[in-house]
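This report follows a set of charged side chains and then turns to the outer surface of the same chain. Please keep the sequence and the model in view while reading.

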Amino acid sequence: MRHETSVQRYSRTLLLAIVVLGACALTARPAAAQGFISPFLGFDYGGDSGCPTASNCENKHSNLGVSGGKLGAIAGAEVEFAYARDFFGDTPGVDSSVLTLMTNVIVGPRIGVIRPFVLGGVGLIKSHVELDAGSLLDSSNNFGWNIGGGLMLMFGEHVGVRGDIRRFKSFQDIGVLDFIGLDLSEEKLTYNRASAGLVLAF
């Protein structure tokens with residue numbers, strides 16, 4: 001029988017707590033919560049991404065995604081899917097990507113037409129690296145977490161915009177091989193993301 005490590009037990013407990021909190025927020029009474037969908041566009045920087053910093057990057061690779069959930073007067077929850085191609089930068093002969101699926105708890109009061117917020121949650125971080133010829137080098141599915149904050153600005157009851165900055169990190173070590181020229185800052189995948197998107201409330 002395989003024994004769990006302390007990190008695995010911690011990540012499983014944290015994941016369960018976030019899922020329970022998210023489920024509670026997503027099933028809030030309709031009178032107290034408003035649903036939303038938010039497609040967004042962003043870019044990754046820092047950590048293991050191809051951009052050292054947000055400002056020092058010649059070729060910012062897009063991170064595309066969509067989130068959806070419910071927000072009450074003070075708090076809510078969302079489920080977010082995002083995909084970044086060429087995550088590790090432009091390496092000749094190598095194709096890379098990172099996919100994330102996160103469940104987040106959002107905390108932030110609506111003040112008139114604006115809502116400043118902080119959020120955090122856990123979910124899947126999938127990294128993938130392969131040769132152009134289609135020969136698979138590595139594909140890792142790991143649990144990870146994200147934390148960040150931002151601002152929503154509503155132009156009415158149903159349409160608005162949103163921007164945020166988040167930090168992502170995997171719980172487990174990733175298996176991406178560094179002999180192909182990828183210089184990982186640490187064994188756990190780490191990066192930041194800046195994004196902006198549309199908010200459609202209902």
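Is glutamate 80 buried or exposed, and which of the two is arginine 193? Glutamate 80 is buried, and arginine 193 is buried as well. The model in which this is seen is a predicted one.

**Charged pairs**

Side chains of opposite charge can pair when their charged atoms come close. The structure holds six salt bridges, and three of them are set out in the table, each with the separation of its closest N and O atoms.

| Salt bridge | Closest N and O atoms |
|---|---|
| Arginine 166 and glutamate 80 | 2.9 Å |
| Glutamate 80 and arginine 193 | 2.9 Å |
| Aspartate 164 and arginine 162 | 3.5 Å |

Glutamate 80 thus appears with two partners, forming a salt bridge with arginine 166 and another with arginine 193. The pair of glutamate 80 and arginine 193 links distant parts of the chain, since glutamate 80 belongs to strand 3 and arginine 193 to strand 8 (residues 190-201), 113 residues apart. Arginine 166, which forms a salt bridge with glutamate 80, lies in strand 7 (residues 159-170), while glutamate 80 lies in strand 3 (residues 75-85), so this pair ties together parts that are 86 residues apart in sequence. Both arginine 166 and glutamate 80 are buried.

Aspartate 164 forms its salt bridge with arginine 162. Aspartate 164 counts as buried because its relative accessibility is 6%, where buried means under 20%, and arginine 162 likewise counts as buried at 6% relative accessibility. Salt bridges with shared partners join Glu78, Glu80, Arg162, Asp164, Arg166 and Arg193 into one network.

**Strand 7 and its neighbour**

How do the side chains of strand 7 alternate, and which of them are buried? Gly160, Arg162, Asp164, Arg166, Phe168 and Ser170 point to one face and are buried, whereas Val159, Val161, Gly163, Ile165, Arg167 and Lys169 point to the other face and are not buried. Strand 7 pairs with strand 8 in the antiparallel sense, over 11 bridges, and the bridge partner of glycine 160 in strand 8 is valine 199.

**The nonpolar surface**

A nonpolar surface patch of about 1000 Å² is made by Ile37, Val66, Val79, Phe81, Tyr83, Leu101, Phe155, Val159, Val161, Leu198, Leu200 and Phe202. Strand 3, strand 7 and strand 8 each supply at least two residues of this patch, and the largest share, three residues, comes from strand 3. Phenylalanine 202, one of the patch residues, is placed in the segment after strand 8 and counts as exposed at 61% relative accessibility.

**Two further positions**

Leucine 64 lies in strand 2 (residues 62-71) and counts as partly exposed at 49% relative accessibility. Leaving aside residues up to four places away in sequence, leucine 64 touches Phe40, Leu41, Phe81, Ala82 and Tyr83; of these contacts, Phe81 and Tyr83 are also among the residues of the nonpolar patch. The C-alpha atoms of leucine 64 and phenylalanine 43 are separated by 8.3 Å, with the two residues 21 residues apart along the chain.

Glutamate 130 is placed in strand 5 (residues 114-131) and counts as partly exposed at 21% relative accessibility. Glutamate 130 and valine 94 are 36 residues apart in sequence, yet 5.8 Å apart in space from C-alpha to C-alpha.

Technical notes
Residues numbered from 1 in each chain as written. Predicted model: local features only at pLDDT ≥ 70, side-chain atom pairs only at ≥ 80, totals over all residues. Heavy atoms only, no water. Salt bridge = Lys/Arg side-chain N within 4 Å of Asp/Glu carboxyl O. Helix = DSSP H or I, 4+ residues; strand = E, 2+ residues; numbered from the N terminus. Buried < 20%, exposed > 50% of the residue type's maximum accessible area, 1.4 Å probe, protein only. Pairing = 2+ DSSP bridges. Patch = residues over 30% accessible without salt bridge, like charges linked within 9 Å, V, L, I, M, F, W, Y side chains within 5 Å. Areas by Shrake-Rupley, 256 points an atom, 1.4 Å probe, with all protein chains shown as cover. Contact = heavy atoms within 4.5 Å.
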